[in-house]
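I am keeping these notes as I go through the model, one entry for each thing I looked up. Each entry stays with what can be read from the coordinates.

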Amino acid sequence: MRPLSLKGHERALTRVRFNREGDLTFSCAKDKKPCVWYTENGERIGSYDGHNGAVWDIDVSWDTSKCVTASGDLTVKIWDAELGSCIYTINHQTPMKSCGFSYSGNLVCYTTQKMTKNLSTVQVRDLRDGNQMAEGAESFFSTQFDVNATTALFSQMDDIITIGFESGLLQQYDLRNPDSPINTNEVVHRYSIQDLQLSPRGDFLISASRDKTAALLDVNDLKKLKQYKSERPVNSACISPNRDHICLGGGEDAMQVTQTAVSAGHFEAKIYHMVFEEEFARFKGHFGPINTMAWHPSGTIIATGGEDGYVRIQEFDEDYLGFTYDF
Amino acid sequence: MTGINLITSAPEVNSWAEAVEQDSAPHIQEGADGIRTETAFTEVDGVRYKVVTQFKVINKRVPKVVADRKKWVKFGSCKGEPAGPQVATTYVAEEVEMQFTRNRAGEQILDVQEDKQAAKTTSREHCRHCKGNDHWSTHCPYKVMYQLDEEADANQDADSKNALGLRGDGRQMERNRSDENTCRVTNLPQEMNEDELRDVFGRIGRVIRIFIARDKITGLPKGFAFVTFESRDDAARAIAELNDIRMYHMVLKVEWTRPSN
């Protein structure tokens with residue numbers, strides 16, 4: 001396979017995502033400009049200019065009309081996906097690490113970092129409500145935590161959000177009750193949750209952690225179903241939409257990367273069988289750790305974003321597509 | 001609707017002679033069967049590169065919303081750029097092979113590199129029984145013998161401790177003595193059992209112990225044994241007399257046991 005290599009960012013990638021049909025790829029990095037690309041030929045359509053700091057997360061609504069980005073410049077911005085113009089800006093006292101749209105695209109959740117006297121929070125706002133989107137307004141859902149919430153996403157329609165923490169804790173909140181979580185899992189991961197992704201059918205969650213594992217979780221009760229072990233910290237994991245496969249990406253910590261040879265750094269993406277929990281294939285590409293990855297809705301493409309500043313769109317060939325387990 | 005698919009993109013350095021001949025303006029060539037060749041020039045660190053990009057124009061049926069999105073006008077950093085991928089931001093990377101680490105039956109087919117490296121870095125194989133560096137203690141062929149020795153030592157220890165109150169030294173002596181009087185018999189025929197061996201070695205002197213190494217699982221002899229005599233002289237005589245004698249179809253080799261360190 002000959003991947004497309006996209007060089008639109010000057011710094012390490014923080015998130016790549018496909019829209020619902022998969023024709024567009026959204027990427028953001030620690031530079032100030034999130035980008036949007038055509039998946040098919042790697043053509044860059046535009047960049048969402050306006051942030052003034054690292055952009056940690058980007059998400060796109062189901063109809064690809066809006067994007068949301070969370071940035072280190074203390075803002076979350078909602079963009080018109082087609083025009084590249086900023087619709088709303090949400091300000092906070094601390095950087096925002098993660099953001100996401102709900103199933104309907106009407107709600108936006110985001111996590112804020114813990115800093116000095118500000119606790120880490122997870123907040124949800126309704127884009128339809130002008131009062132909430134006005135400057136200085138409060139969000140309708142907000143919970144505070146002593147540990148940093150690293151990642152949050154809507155795991156069930158517009159009702160339930162799942163949050164991953166720096167301590168390895170996972171929690172689910174119902175938006176109607178910000179006081180106590182409905183589900184908690186503190187045993188599955190020992191170190192920071194780097195990434196949480198929902199399976200395309202919405203039945204599983206996959207969590208990627210610095211403890212060198214990724215776990216498949218039941219979306220209803222956060223119970224661990226499977227765990228995939230790697231030799232290096234896992235920065236991102238995604239679930240195939242049409243096969244029983246899981247892809248893990250990671251590598252040695254960015255701080256230690258200069259001390260590691262490329263072969264020992266483990267910068268390959270690894271494909272595991274979902275049920276058997278064993279790795280059966282891997283592919284190389286990046287010169288640094290993979291920070292983020294996404295599986296295309298067709299199941300034949302994986303986009304990866306690396307610490308090296310490249311996005312790679314790899315379309316699988318027959319080798320992979322024809323591979324099935326005999327059992 | 002029309003989609004543009006990138007086939008190849010090969011940057012090539014222009015020689016100055018070529019550069020003079022060719023016009024340096026970017027141009028587009030429409031070839032037969034939908035192949036479009038675009039020539040562009042980029043400058044990297046003062047060196048001019050000519051970039052030839054071949055596109056294949058294909059028609060594809062896609063959902064209406066996707067077709068609509070193909071008409072998006074470029075914005076932000078891409079404002080004003082012409083249609084199609086730009087060489088500055090998009091290129092086709094080198095061929096990447098999917099490496100399969102397991103076959104269809106789920107068996108490991110590719111040795112995963114880092115496991116080996118991890119093993120190498122942690123520690124080298126070392127056997128605490130025979131002090132060899134080519135295997136671990138658990139895989140030591142002499143393991144059973146050494147374990148028996150240790151047990152015997154422990155028993156003797158208990159006795160000598162009561163009598164002498166010197167645990168460490170007493171133990172050391174016992175160990176050395178039994179090692180001293182032991183000869184190693186190799187090239188041992190499989191058919192030979194302990195009684196036969198005792199018969200042969202018993203002619204030399206009083207044999208304290210005979211140990212034939214056997215495979216843990218199959219129980220078959222591994223082809224070597226240890227014979228411990230009561231005195232060192234007997235052991236020396238056994239080595240002198242029984243070395244190179246014929247036993248079944250094999251020629252026995254009798255020698256001192258390798259010193260334990």
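Entry 1, a strand pair in chain B. I looked up how strand β7 (residues 182–186) of chain B is joined to strand β9 (residues 221–229) of chain B, and I found 5 bridges between the two, which run antiparallel. For one register point I noted that B:T186 has B:F224 as its bridge partner in β9(B). I keep in mind throughout that this is a predicted model.

Entry 2, the helices on the sheet. I then turned to what packs on this sheet, and found helix α6 (residues 194–202) of chain B touching β8 and β9 of chain B, with its direction at about 140° to that of β8(B). Helix α7 (residues 232–242) of chain B also packs on the sheet, where it touches β7, β9 and β12 of chain B, and its direction makes about 150° with that of β12(B).

Entry 3, the sheet as a whole. Tracing the strand order in chain B, I wrote down β8-β9-β7-β12, an open sheet of 4 strands with antiparallel pairing. Which strands stand at the edges? They are β8 (207–214) and β12 (253–256) of chain B, and since each has a single partner strand, one side of each is left without a neighbour in the sheet. I also recorded the turn between neighbouring strands of this sheet, which is 20° on average with direction ignored.

Entry 4, where the chains meet. I looked up the contact between the chains and found that it takes 46 residues from chain A and 35 residues from chain B. On the side of chain B that touches chain A, at least two residues each come from β1 (2–13), α2 (64–69), β5 (90–92), β6 (99–100) and α3 (113–122) of chain B, and the largest share, 4 residues, is supplied by β1(B). By type, I noted that this side of chain B divides into 16 nonpolar, 13 polar and 6 charged residues.

Entry 5, a strand pair across the chains. I found that strand β1 (residues 4–6) of chain A pairs with β5(B) in the antiparallel sense, over 3 bridges, and that A:L6 has B:T90 as its bridge partner in β5(B).

Entry 6, the nonpolar cores. The largest nonpolar core holds 90 residues, and the members that touch the most others are A:V108, A:C109, A:I206, A:C247 and A:L248. Following A:V108 beyond its neighbours within four places in sequence, I listed contacts with A:V68, A:I78, A:C99, A:F101, A:V124, A:R125 and A:L127. A second, separate core has 17 residues, including B:M145, B:V185, B:I204 and B:V254.

Definitions and conventions. Residues numbered from 1 in each chain as written. Chains lettered and ligands numbered in written order. Predicted model: local features only at pLDDT ≥ 70, side-chain atom pairs only at ≥ 80, totals over all residues. Core = buried A, V, L, I, M, F, W, Y, C linked by C-beta atoms within 7 Å. Buried ≥ 20, exposed ≤ 12 C-beta atoms within 10 Å, placed from the backbone. Contact = placed C-beta atoms within 7 Å. Nonpolar A, V, L, I, M, F, W, Y, C, P; charged D, E, K, R; others polar. Pairing = 2+ DSSP bridges. Axes fitted to C-alpha atoms, helices over the stretch in contact; angles between N-to-C directions.
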